[in-house]
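Biologist: I would like to learn how to read features from a model. Can we take them one by one?

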Amino acid sequence: MHNNSDSSDDDLDTEVEMVSLLNSGEPSSNSKYRSESPSKEGQSAMQLSISIVISFVGAGILGLPSAFSKSGILLSIVSLTGVAAASVYAMLLLVWTRKKIEESGKPCTTYGDVGEHILGEFGRNLVDFCLTLSQTCFATAYVIFISSNLQNSFGISRFLTCALAIPGLSSLVNLSSLKKLSPFSLIADFANFAGLSYVLASDLSTLAVSHPQITMWDSAYFIHVLGVSVYCFEGVGLILPLEASAADKDKFPKVLCVVLSAITGVMLFFGCLGYAAHGADVLSPITLNLEGGRGDLVKVCFCVGLYFTYPIMMFPVNTIAETRIWGDDAPKNWKFRTSVVAMTAVVAWGVDDFGLFIHFVGSSVCMILGFILPCYFHLKVGGAGLTKWEKHLDWGLIGFGAVFGSMGTFDSGAELLGLRR
């Protein structure tokens, strides 16, 4: 269990190592991140910015053009911008809450620590469960993406792709440390960046010769674009490790706001451009609209990138789950890790709609992690010291997450189960 300082440090070590791996491909010694004062050993503002970009720009962006086509370009812009602003606010609340707990003399370094200080062991269990579930869902989305694109380009059945993915992914998730995954992280980053660049270039060339009809506002699909937007901005689990890795922690909120504002602009441009280029025919993910040999090559690049991102995404899942089940000192369990990979492959085989799946994940667990818990924790720690407007805003976001999250989860869940279309 995680009710001692040693296990809390282990959680932070895993998370900071993951941030370091995402940033540079090389895990770093975590002792340098313990200082609360600026240190030349921590990440500079530029390094921190790169870490934030890599942490937040993922496969979800490839589902935005399709979401924009459903809800209309204006409603999509409003929805994505609103979700981005609310997400940044909630992330900063989590940082503030952690600091307040630490100022009271209690050690607090991770999201799970915050949950435990406020709700006891139940709080840590809740946070850990939601984090592991969200990470597992992200990894599952990667397999859905890979199987859909290989079927689209080469006619390979989704069942065969999912089945053949299990042995290789099982080998990768059974590596003993993130350091051994660093070469794969670099390959994944390069492949994903190259793929996104080509998709943008392809959309621009398509837009030059194609002028499809564009819908401005369709409120019937508001819940859908909302869920996809929340999915795209779900990175709250890495916020405290990112802060811990910063050389100057006082500047972290500003860096976070600036970088996520830029990312929001990129996502808006990507979504609008993809929709404007393909109109109602845009698919999710948008790579399914790519044609020809170059298009197939780009799909392969994305498949390779996400294939090697999968074990990085699953590393904290396995670490937390194995610690919970077998204790802090338990060795890695290859049977458990392989069974989790197999489970994600089975789910990916059963779900053939990438956009619908990320809508479901965004509306459910991401809504809880991104909005409901940070705001609730802020209310509990801030208490009477919060202003009336802060309390109203917190409760408003909790209500927003609960109502629209429930609606989106029910709507997308019913479609996934084939109960409605």
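**Reading a helix, a residue and the empty space**

Modeller: Start with helix length. The model is predicted. Helix H7 covers residues 158-173, 16 residues in all. At 1.5 Å a residue it should span 22 Å, and its end C-alpha atoms are 22 Å apart, so the two agree.

Biologist: Where does H7 bend, and by how much?

Modeller: The bend is at Ile-166 and comes to about 35°. A proline, Pro-167, follows within four residues.

Biologist: Which residues of H7 are buried?

Modeller: First the general idea. An α-helix has 3.6 residues a turn, so residues three or four places apart point the same way. Now the case here. The buried residues of H7 are Arg-158, Thr-161, Cys-162, Ala-165, Leu-169, Ser-170, Leu-172 and Val-173.

Biologist: What covers the buried residues of H7?

Modeller: The cover includes H6, helix H8 (182-209), H12 and helix H13 (334-350).

Biologist: Take a single residue next. Is Thr-309 buried or exposed?

Modeller: Check the relative accessible area against the cut-off. Buried means under 20%. Thr-309 has 14%, so it is buried. Its place is in helix H12, residues 292-326.

Biologist: Which residues does Thr-309 touch, leaving out those up to four places away in sequence?

Modeller: Tyr-142, Ala-188 and Asn-192. Look at Ala-188. It lies 121 residues from Thr-309 along the chain, yet their C-alpha atoms are separated by 6.0 Å.

Biologist: Now the empty space. How many cavities of 30 Å³ or more does the structure hold?

Modeller: Three. The largest has a volume of about 50 Å³. Ser-87, Ala-90, Met-91, Val-230, Phe-233, Glu-234, Val-236, Cys-366, Gly-370 and Phe-371 line the largest cavity. Helix H4 (73-103) and helix H15 (365-382) are the elements that give two or more residues to that lining.

Biologist: How do the residues of that lining divide by class?

Modeller: Seven are nonpolar, two polar and one charged.

Biologist: And pockets? How much space lies in the second largest pocket?

Modeller: About 570 Å³. The second largest pocket is lined by 32 residues, and the closest to its centre are Lys-70, His-224, Asp-353, Leu-356 and Glu-415. The elements that give two or more residues to this lining are helix H3 (64-71), helix H6 (121-154), helix H9 (222-232), helix H14 (354-363) and helix H16 (388-416).

Biologist: What classes make up the lining of the second largest pocket?

Modeller: It has 13 nonpolar, ten polar and nine charged residues.

Note on methods. Residues numbered from 1 in each chain as written. Predicted model: local features only at pLDDT ≥ 70, side-chain atom pairs only at ≥ 80, totals over all residues. Heavy atoms only, no water. 1 Å grid on protein atoms, 1.4 Å probe; cavity = no way out; pocket = protein on both sides within 12 Å on 5 of 7 lines; lining within 4 Å. Points joined across faces, edges and corners; volume = space filled by probe spheres on them. Nonpolar A, V, L, I, M, F, W, Y, C, P; charged D, E, K, R; others polar. Buried < 20%, exposed > 50% of the residue type's maximum accessible area, 1.4 Å probe, protein only. Contact = heavy atoms within 4.5 Å. Expected span 1.5 Å × (residues − 1). Bend = angle between axes of the 7 residues up to and from the residue.
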